Amino acid sequence: MARLLLVDDDSGTLAWMAEALQGAAYDVRTVSGGSAALELLQTWTPDLILADLLMPEMDGFAFNRLVQSRERVPVMLVSVVNKPAEAILRGVAAYVRKPVTAAELRAAVERVLGAVEGVAILVVDDDADIRECYRLILEPRFTVLEAENGRDALDLLSREPVALAIVDVHMPVMNGVELIRAMRDDARFCTIPVVVQTSDRAAARAPVWTDLHVAQTILKDEFLDWLMTQIDAHLAPAPREAERAWSTASGG
């Protein structure tokens, strides 16, 4: 039975998530903040941590950096804040946007627990040079999967757990809009964050991306800088306040 630790300062959210996950036969424990979670990790190691992004003491990004620097337990953020792409690139194992149903939450947990080779990012672009460029930046921190069109991407998604998809717009066989719409209509993939990157300025401004709950739409000539910024933030040390919380929890 997989062990899950839920971290949220809202007692109602903790109760709801615990009920949803215990019903799926998980061993679930709950705490109300980052410091309490760090203290519990001294004596109990979960298989996955689900945490809010906006919490007192430390936010979810700082909490994840501390956990990864010491315990290496995967952290999934569950939040109303729309920052899924940034979260994945900063080392979070998965990101689920609230509101979320019990079925969607359980599917996201199953996807992370089923990932045996770390966090995987799917790059979907018909330009092989673009895919290779992104691979060179993302590896070895992430496992990079590649597809040259939407149909191949859906086939990969059905076989591999993916934490984030980076999708081009104009592709043969199945374009980016068709791919993302298919993902949103499938319970297995509907919570996977998507970043759209395109050279088409008109396409980048299209309202369809809001309807499809795309995390970010970025022009290709700006995308590499954005990508590097997110990864650099992941490598930055945790804030002093978070480090003090860990020290207190450790009895240091």
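User: Before we dig in, what does a patch mean here, and which residues form the negative surface patch?

Analyst: Patches are made of residues with over 30% relative accessible area and no salt bridge, with like charges joined within 9 Å. Asp and Glu count as negative. Keep in mind that this is a predicted model. With that in place, the negative surface patch is formed by Asp126, Asp127, Asp129, Glu132, Glu148 and Asp152.

User: Let's take one of those. Is aspartate 126 buried, partly exposed or exposed?

Analyst: Aspartate 126 sits in the loop between β6 (120-124) and α6 (128-138). The partly exposed class runs between 20% and 50% relative accessible area. Aspartate 126 comes in at 36%, so it counts as partly exposed.

User: Which residue pairs with aspartate 125 in a salt bridge?

Analyst: Side chains of opposite charge can pair when their charged atoms come close. For aspartate 125, the N to O distance in the salt bridge is 2.9 Å. The pair links distant parts of the chain, 95 residues apart, with aspartate 125 in the loop between β6 and α6 and its partner in helix α11. Both aspartate 125 and that partner are buried. The partner is lysine 220.

User: Which aspartate does lysine 220 meet in a salt bridge at 3.5 Å, N to O?

Analyst: This salt bridge has an N to O distance of 3.5 Å. It also joins distant parts of the chain: helix α11 on the lysine 220 side, and the loop between β8 (164-167) and α8 (176-184) on the other, 52 residues apart. Lysine 220 and its partner here are both buried. That partner is aspartate 168.

User: How many salt bridges does the structure hold, and which residues are linked in a network of them?

Analyst: The total for the structure is 10 salt bridges. One of the pairs is glutamate 139 with arginine 135, at 2.5 Å, N to O. Glutamate 139 is partly exposed because its relative accessible area is 33%. The residues linked in the network are Arg131, Arg135, Glu139 and Glu146.

User: Over in helix α11, which residues does leucine 224 touch, leaving out those up to four places away in sequence?

Analyst: Leucine 224 belongs to helix α11, residues 220-235. Its relative accessibility is 31%, so leucine 224 counts as partly exposed. Contact here means heavy atoms within 4.5 Å. Leaving out residues up to four places away in sequence, leucine 224 touches Cys133, Tyr134 and Ile137.

User: And how far apart in space are leucine 224 and valine 81?

Analyst: In sequence, leucine 224 and valine 81 are 143 residues apart. In space, going C-alpha to C-alpha, the separation between leucine 224 and valine 81 is 23 Å.

User: Now the backbone. Is the peptide bond from lysine 98 to proline 99 cis or trans?

Analyst: Proline 99 lies in the loop between β5 (94-97) and α5 (102-113). Omega for the bond from lysine 98 to proline 99 is near 0 degrees, and the bond is cis.

User: What is the phi of alanine 25?

Analyst: Alanine 25 is in the loop between α1 (11-22) and β2 (27-31). It counts as partly exposed because its relative accessibility is 47%. Although alanine 25 is not a glycine, its phi is positive, at about 70 degrees.

User: Same for histidine 213: what is its phi, and is it buried or exposed?

Analyst: Histidine 213 lies in the loop between α10 (208-211) and β10 (216-219). Its phi is positive, about 55 degrees, although histidine 213 is not a glycine. With a relative accessible area of 57%, histidine 213 is exposed.

Notes: Residues are numbered from 1 along each chain as its sequence is written. This is a predicted model: local features need pLDDT of at least 70, side-chain atom pairs count only at pLDDT 80 or more; totals for chains, interfaces and linings use all residues. Side-chain values use heavy atoms; hydrogens and water are left out. Patches are made of residues with over 30% relative accessible area and no salt bridge: like charges are joined within 9 Å, nonpolar side chains (Val, Leu, Ile, Met, Phe, Trp, Tyr) within 5 Å. Accessible areas come from the Shrake-Rupley method with a 1.4 Å probe; for residues, only the protein chains shown count as cover. A salt bridge is a side-chain nitrogen of Lys or Arg within 4 Å of a carboxyl oxygen of Asp or Glu. The place of a charge is taken as NZ of Lys, CZ of Arg, CG of Asp or CD of Glu. Helices (H or I, at least four residues) and strands (E, at least two) are DSSP runs, numbered from the N terminus. Buried means under 20% relative accessible area, exposed over 50%, partly exposed in between (1.4 Å probe, protein chains only).
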